[in-house]
Amino acid sequence: MTAPATEAAFAIPGDLTTETGGYAYARAVLTRLPEFGVAPDHVVLPGGYPFPTANDIAETERVLAGITPAVPIMIDGLAFGAFPGELAAAIPNPLIALVHHPLGYESGLDPETADTLIASERRALAAADCVIAASPTTKRALIEAFGVPADRITVALPGTEPRKRSTGSQKPDGPIELLAVGAISPRKGFDVLVDALAGLTDQDWRLTILGDTERQSDVTQALHEGIARHGLGERVRLAGRVSDAAKDRSFAAADVFVLSSHYEGYGMVLAEALASGLPIVATTGGAAAETVPDAAALKVGPGDPVALRSALARMIGDTTLRTRCADAAWQAGQALPTWQDTTRTIAGVLRSFAA
């Protein structure tokens, strides 16, 4: 007889369809857990996290109290890191925190808010029975800055499904097609990217940015203003949210992938670029430096438009360099873990606590 599936709860704040790497991770794992003997209950937490109101906290307490005490609960870090310490400590269930990157490391926060989030996450993590980190970089941060014992952390890298190799723009005399992907937010550093490209108007390129433009409309407006101020309106396109098929077409038609983030807990879009065999120009904030092998990319420090401009100029102007980096990216992309691998690791953790 087949053993009955292990019951587990996966608590996630807000709308599961939100287009960010963290929500994509949650969707992929939720879908695949039954394949590995876990029956997940998707528990919806209020959408106000990581800045919950008193009502959000009360609703969280009510929802979590309704879960059978023996059932392990995995809580997405977007919410868990903002839990009051007493809320996390009062949960009787086996408690697993899923951390993509520490909340206080988000760009654009004032120092007081960042410090408050770091202190909150440190208290909450102290109550967790286990922590699942999305990268070795995040694991190190949790050990060094948050005091989580190493033996309580399991790394489950985001999965990357196999992709067709990019064929590029295929226009011998046309512009180099640059592609960047991410919701418009301070952490993604798209303003730095635009400033960098403003000094390269003598080279032939175009940039497409795929990602939500509405979540932080003030940041999007400032980015539009920066594009106009530099006279790049004909070269830089904010495409907004697109379908998976349109995203695949953009990867296939790009010549170079660009990541300008100040910090990444892993950088799922970098993994997608590797799987597509795209040469990469990337900043090294957080895990981004480790996600991409040196042979596949030109890497610069985050927040430095001059260094980013120099790397982009080299990649745009050197066909041999692009080819060499593309070959290295394609080779690295074939070794990336899949979502099956990710989910297998998480399912093992959930089953161990259920037992």
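**Exercise 1. Find where Ser120 lies in this predicted model, and decide whether Ser120 is buried or exposed.**

Solution.
Step 1: Ser120 is part of helix 5.
Step 2: The relative accessibility of Ser120 is 8%. The cut-off for buried is under 20%, so Ser120 counts as buried.
Step 3: With residues up to four places away in sequence left out, Ser120 touches Gly81, Ala82 and Phe83.
Step 4: One of these, Phe83, also belongs to an aromatic cluster, together with Tyr49 and Phe80.

**Exercise 2. Which form does the peptide bond from Tyr49 to Pro50 take, and where is Pro50 found?**

Solution.
Step 1: Omega for the bond from Tyr49 to Pro50 is near 15°, and the bond is cis.
Step 2: Pro50 sits in the loop that runs between strand 2 (38-45) and helix 2 (54-65).
Step 3: Tyr49, on the other side of this bond, is a member of the cluster with Phe80 and Phe83.

**Exercise 3. Describe the surroundings of Ser135.**

Solution.
Step 1: Locate the residue. Ser135 is in the loop between strand 5 (130-133) and helix 6.
Step 2: Check the burial. Ser135 has a relative accessibility of 1% and therefore counts as buried.
Step 3: List the contacts. Neighbours within four places in sequence are set aside; Ser135 is then in contact with Val155, Leu157, Gly265, Tyr266 and Ala287.
Step 4: Compare sequence and space. Ser135 and Glu264 are 129 residues apart in sequence, while their C-alpha atoms are 9.8 Å apart.

**Exercise 4. How many aromatic pairs does a search of the whole structure find, and why is the pair of Tyr25 and Trp339 edge-to-face?**

Solution.
Step 1: The search gives six aromatic pairs.
Step 2: The ring centres of Tyr25 and Trp339 are 5.4 Å apart, and the ring planes stand at 90°. Planes over 60 degrees apart count as edge-to-face, so this pair is edge-to-face.
Step 3: Tyr25 belongs to helix 1 (residues 21-32) and Trp339 to helix 14 (residues 339-354), so the pair ties together parts 314 residues apart in sequence.
Step 4: Tyr25 and Trp339 are both buried.

**Exercise 5. Classify the aromatic pair of Tyr105 and Phe146, then find the burial of each partner.**

Solution.
Step 1: The centres of Tyr105 and Phe146 are 6.1 Å apart and the planes make an angle of 50°, which is a tilted pair.
Step 2: Tyr105 is in the loop between strand 4 (95-99) and helix 5 (111-126), and Phe146 is in helix 6 (residues 136-146). The two are 41 residues apart, and the pair links distant parts of the chain.
Step 3: Tyr105 has a relative accessible area of 26%, so it is partly exposed. Phe146 has a relative accessibility of 4%, so it is buried.

**Exercise 6. Is the protein chain as compact as a globular protein of its length, or less compact?**

Solution.
Step 1: Count the elements. The protein chain has 14 helices and 12 strands.
Step 2: Use the radius of gyration. The value is 21 Å, close to the 20 Å from the globule rule for 355 residues, so the protein chain is as compact as a globular protein of that length.
Step 3: Give the extent. The C-alpha atoms fill a box of roughly 65 × 50 × 35 Å along the principal axes.
Step 4: Add burial and contacts. Of the 355 residues, 53% are buried. Among contacts with a separation of 6 or more, 70% join residues 24 or more positions apart.

Terms used
Residues are numbered from 1 along each chain as its sequence is written. This is a predicted model: local features need pLDDT of at least 70, side-chain atom pairs count only at pLDDT 80 or more; totals for chains, interfaces and linings use all residues. Side-chain values use heavy atoms; hydrogens and water are left out. Helices (H or I, at least four residues) and strands (E, at least two) are DSSP runs, numbered from the N terminus. The radius of gyration is taken over C-alpha atoms; the globule rule is 2.2 Å times the number of residues to the power 0.38. Buried means under 20% relative accessible area, exposed over 50%, partly exposed in between (1.4 Å probe, protein chains only). Contact means heavy atoms within 4.5 Å. Rings of Phe, Tyr and Trp (its six-membered ring) pair if their centres lie within 6.5 Å; planes under 30 degrees apart count as stacked, over 60 as edge-to-face and the rest as tilted.
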